Amino acid sequence: MSHVQAILIDDSRAMRLILRRIVGQIGFDAVEAEDGQAAIDLLNSMEKPPELALIDWNMPNMNGLEFVTAVRKEPKYREMTLVMVTTESEQSQIVRALAAGAHEYVIKPFTAGAMIEKLALLGLVPQGASS
Amino acid sequence: MSDVAALRVEDLHEIVEQVWSSYLDPDGIEPLLPIFSEEDVAALKTDMHASVSITGTWHGHVVVACNEPAAKNCSAAFLAMEADEVGEEDMMDVLGELANIVGGNVKSMLPPGCFVSLPTVVTGEAPHYPSAEPVCQLAGLWKEDPFVITMWQSSGAAGEAA
Amino acid sequence: MTLSQQDFSFVAGLVRREASIVLAPGKEYLVEARLIPVARQVGAASVTEFLANIQRRPDPTHQRMIVDALTTNETSWFRDREPFTALTEQLLPELIGARATSRKLRFWSAACSSGQEPYSLAITLQQALPAGWNYEIVGSDISTEMIKRAEAGEFSQVEINRGLPAAQLVHYFERAGAHWRIAPSLRRNVSFTRLNLTAPLPPMPPFDVVFLRNVLIYFDVDTKRTVLRNIGRMLRPDGWLFLGAAETTIGIDDNYERVVAGRTSAYRLKSAVPAGTARKG
């Protein structure tokens, strides 16, 4: 099985699809999980963790902040870039997510261009791959 | 921030415009055309209602209402498929996410300390909130079908502790 | 009830004149959607009536409302990235060496639009300058509307999403209703002025760095030459000019030379001596 570069964690299938299209533009294959717990289970089953996780905040079972906190405790996920993608846009919430270990933060609604710019900031966009 | 009663309709319009330009109308060709005449708004028929509840320092609901053709077009745009391929489950998911995004952005303009519930989508009759009243509404047409976004405030709940 | 061709042309012309923004045909619905709330606000029964009134009797306030409603901004923070990286990694350390006495830098963001570029420069300098240093940034634009918006320093959620790192968002901005407002500590170092780059410039103290990006592409060769000459007079002898990635001084104004800076290029006046060895400028 080929290496998967992104995990998309959102309880909305529509949002996962939008994210899948966007990371596809920078050549990333993706797997999907509908909440934080499902994402952790999925990650544990993978041979090599993906480079990127795009994470919704408000989800049933395990929310995005809990997921980030849990993943940051695991050395094997140290290289994974964590990006919150959420409607939570109070300053204090962004600070909390960054403090928990998220690398970047994208507020919904976002355009495809804005998301790719954020991924470029994180060094995840190969030269010439952005639109 | 002293007046926490509701958002202004301009704020709701800005949120809606941002959602449309991000997902439903990225080329800026078919935005939601707002309607302000009360008579025209009253004539709009909606039978799909997606909502989130807001609790905490402010109590209420944000409802995104539309009809089935609107939900189909909306899902088609979100999911990059043709409107006639859109199924029931697609519409539920997309409208739910729409309510989540609009509701989340509404929340960000309320006093800190509010929480947004996961979205609920119902078809048929509009959800009824006996102890709440509509405090802000934006209605419009998108591709000639109605969208109505309404913010309901629970009575006597502004500033109430969580 | 779509806009008539005449109404659309009227609005497109107004927006092009006032804000240098082109509304391509096909945007009729967008124009209508944006103007419905404006028409309502001024008490017109419809957009058509509103536009008919204003064409019959021009009204500066209403014209400004139209321009304002139609000029949402597409500019990113730290646009193109490379010039900001080159500044931080290469040019600023040199300039800091050269200005050790005055401990002050002056930047000019020419054609600053709604302010993302001058505020991005402010963030860059805030982070890069040693304690005890000062900086001034002047943002200029031909559009009064854009200057007004840049001065307000308020950005929508969508604008904020464009290329601004989250850590800097929480550090240098504060929430203001639906918008984010630039922090006073940055805002006070940035001033704005309406300026036509093709006309003789008003007297200003010289600048250490000028950002003039994606402006020259809109001008013919003669105008490009005029603008570059005007800017050259405002640049300190060891100062730097940044152009857009698709722009150059080469073949237009021989007084500049191109210097590789990081993964991009910057320009300086040919008589320049390296900043590190510059005499007091």
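Helices and strands here are DSSP runs, numbered from the N terminus. With that in hand, let's work through some exercises on this predicted model.

**Exercise 1.** Where does Y129(B) lie, and is Y129(B) buried or exposed?

*Solution.*
- Step 1: Find the elements on either side. Y129(B) sits in a loop of chain B, with β5 (120–123) and β6 (132–142) flanking that loop.
- Step 2: Apply the cut-off, which is under 20% relative accessible area for a buried residue. Y129(B) is at 12% relative accessibility, so Y129(B) counts as buried.
- Step 3: Look at the surroundings. Beyond its neighbours within four places in sequence, Y129(B) is in contact with S51(B), H61(B), V63(B) and W152(B).

**Exercise 2.** Describe the setting of N67(B) in chain B.

*Solution.*
- Step 1: Place the residue. The loop that holds N67(B) runs between β3 (60–66) and α3 (68–79) of chain B.
- Step 2: Check accessibility. N67(B) counts as buried because its relative accessibility is 13%.
- Step 3: List the contacts. Not counting residues up to four places away in sequence, N67(B) touches K45(B), T46(B), D47(B), M48(B), D145(B) and P146(B).
- Step 4: Pick out a polar contact. The side chains of N67(B) and D145(B) are joined by one of 3.5 Å.

**Exercise 3.** At roughly what angle do the axes of α1(A) and α3(B) cross, and which residues make the contact?

*Solution.*
- Step 1: Take the axes. Those of α1 (residues 13–25) of chain A and α3(B) cross at roughly 35° and come within 8 Å.
- Step 2: Name the residues. A14(A), L17(A), I18(A) and R21(A) of α1(A) meet A77(B), F78(B) and L79(B) of α3(B).
- Step 3: Sort them by class. This contact has 6 nonpolar, no polar and 1 charged residues.

Methods
Residues numbered from 1 in each chain as written. Chains lettered and ligands numbered in written order. Predicted model: local features only at pLDDT ≥ 70, side-chain atom pairs only at ≥ 80, totals over all residues. Heavy atoms only, no water. Helix = DSSP H or I, 4+ residues; strand = E, 2+ residues; numbered from the N terminus. Buried < 20%, exposed > 50% of the residue type's maximum accessible area, 1.4 Å probe, protein only. Polar contact = N/O pair within 3.5 Å; in protein donor to acceptor, adjacent residues only side chain to side chain. Contact = heavy atoms within 4.5 Å. Axes fitted to C-alpha atoms, helices over the stretch in contact; angles between N-to-C directions. Nonpolar A, V, L, I, M, F, W, Y, C, P; charged D, E, K, R; others polar.
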